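I opened the model to look up how its strands and helices are put together. My notes follow in the order in which I checked things.

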Amino acid sequence: MTIAEIQDQIIEEMSAHEDWFDRYEALITLGREFGAPDDSLRRDEYRISGCQSAVWLTAEMRDGRLRLHADSDSQITRGMLALLLRVFDDQPPGKVADAELYFLDVIGLRSNLSPSRASGLGTIVRAIRETARRHTG
Amino acid sequence: MVTSVTLESRREADLPLRFEAGTPNYPAAVSLAEAIRYLQRIGMQRIREHENTLHEYMREQLVNVGGLTVYGSAPEHSGSVAFNLDGIQPYDAGMIMDRMGVAVRTGTHCAEPLMRHFGINGCIRASLALYNDTDDIDRLAEAVRKAQSMLG
């Protein structure tokens, strides 16, 4: 699936949750199921700075596609990482670097976070883009 | 304050005036005076008693909720209570509580050495003031329970 198709799928699924508690529940559930099975990701060199909670990100190329791994000590952030990686993981790095990211705004995720959370979300997206750019070409 | 300005440059005034605005913050000065009069009309002793009563009530309610750790064991307290919900990240808890209409502070509270002393990465802090009442604390307890059920 393309990055856009995945985003449209997420928008449809999240729109089925009418109120914000349902959406938070969905994010928390996603967060519970997401995350590294062990602490192998939780290393200083993978840490993204500029987030209120701890976020770790690493990536490698496999068969021409970018494989992303991420984790956080916050359940809600893990839920957001689950969605972001669903969109960006296992895609050509050039696409990850440049693709339009709109699902966060359409489902109102960014606007419903506190300013520091929203800024942290932006930092994570930028880190993913940067990683993709480094693996391009 | 400046002494002169052109399109290309400016010359600032000498110290200390260079760090002063041209127009002093007189609305704040007037508001501060009125705020002080307001507190004096109510009476600082009355405020202190109200806050202390609420503080005790808040501690009791938090103990009733359970599944949390309150920090600070000094014999005299006032104002605020710092705590963590067992197994739940304080930022996550704060987000749910915010949705429940309860505003608390989360994080390191600009006091990292104190967090280190307690061996934690951050915590939740509920602060009281003269305009709070027991309803607010009941809502706090309800919000804590909601956060525990969603995140625990």
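**Sheet and helices**

I looked up the sheet in chain B of this predicted model; I found an open sheet of four strands in the order β3-β4-β6-β5 (chain B), and the pairing is antiparallel. At the edges I noted β3 (68–71) and β5 (105–107) of chain B, each of which pairs on one side only. I took the turn between neighbouring strands of this sheet next: it is 30° on average, direction ignored.

I then went through the pairing of β5(B) with β6 (residues 123–127) of chain B. These two strands run antiparallel and are joined by three bridges. I noted that Cys123(B) in β6(B) is the residue opposite Gly107(B).

Which helices pack on the sheet? I found helix α3 (residues 90–99) of chain B there, in contact with β4 (80–85), β5 and β6 of chain B. I read about 160° between the direction of α3(B) and that of β5(B). Helix α5 (residues 134–151) of chain B also packs on the sheet, where it touches β3, β4 and β6 of chain B. For α5(B) I noted a direction at about 15° to that of β4(B).

**From chain B to chain A**

I followed α3(B) across to chain A. Helix α2 (residues 20–33) of chain A packs with α3(B) at an angle of about 165°, and I have their axes 11 Å apart. Angles over 145 degrees count as roughly antiparallel, so I entered α2(A) as roughly antiparallel to α3(B). I recorded the crossing of α2(A) past α3(B) as left-handed.

I listed the residues that meet: from α2(A), Trp20(A), Phe21(A), Tyr24(A) and Ile28(A); from α3(B), Met95(B), Ile96(B) and Arg99(B). By class I have six nonpolar residues, one charged and no polar ones in the contact of α2(A) with α3(B).

**Within chain A**

How do α2(A) and helix α3 (residues 75–88) of chain A cross? I found that their axes come within 7 Å, at roughly 80°. I therefore put α2(A) and α3(A) down as roughly perpendicular to each other.

On the α2(A) side I listed Tyr24(A), Leu27(A), Ile28(A), Leu30(A), Gly31(A) and Arg32(A). Opposite them, in α3(A), I have Gln75(A), Ile76(A), Arg78(A), Gly79(A), Met80(A), Ala82(A) and Leu83(A). I sorted the residues of the contact of α2(A) with α3(A) into eight nonpolar, three polar and two charged.

**Domains of chain B**

I checked the domain assignment of chain B last: it gives domain 1 (10–41) and domain 2 (44–151). Taken over C-alpha atoms, the centres of domain 1 and domain 2 of chain B are 34 Å apart.

Conventions. Residues are numbered from 1 along each chain as its sequence is written. Chains are lettered from A and ligands numbered from 1 in the order in which they are written. This is a predicted model: local features need pLDDT of at least 70, side-chain atom pairs count only at pLDDT 80 or more; totals for chains, interfaces and linings use all residues. Side-chain values use heavy atoms; hydrogens and water are left out. Two strands pair if DSSP finds at least two bridges between them. Axes are lines fitted to C-alpha atoms, for helices over the stretch in contact, and angles run from 0 to 180 degrees between N-to-C directions. Contact means heavy atoms within 4.5 Å. Angles under 35 degrees count as roughly parallel, over 145 as roughly antiparallel, 65 to 115 as roughly perpendicular and the rest as oblique. A crossing is left-handed if the near helix is turned anticlockwise from the far one by less than a right angle, and right-handed if clockwise. Ala, Val, Leu, Ile, Met, Phe, Trp, Tyr, Cys and Pro count as nonpolar, Asp, Glu, Lys and Arg as charged, and the others, Gly among them, as polar. Domain bounds come from an automatic or database domain assignment.
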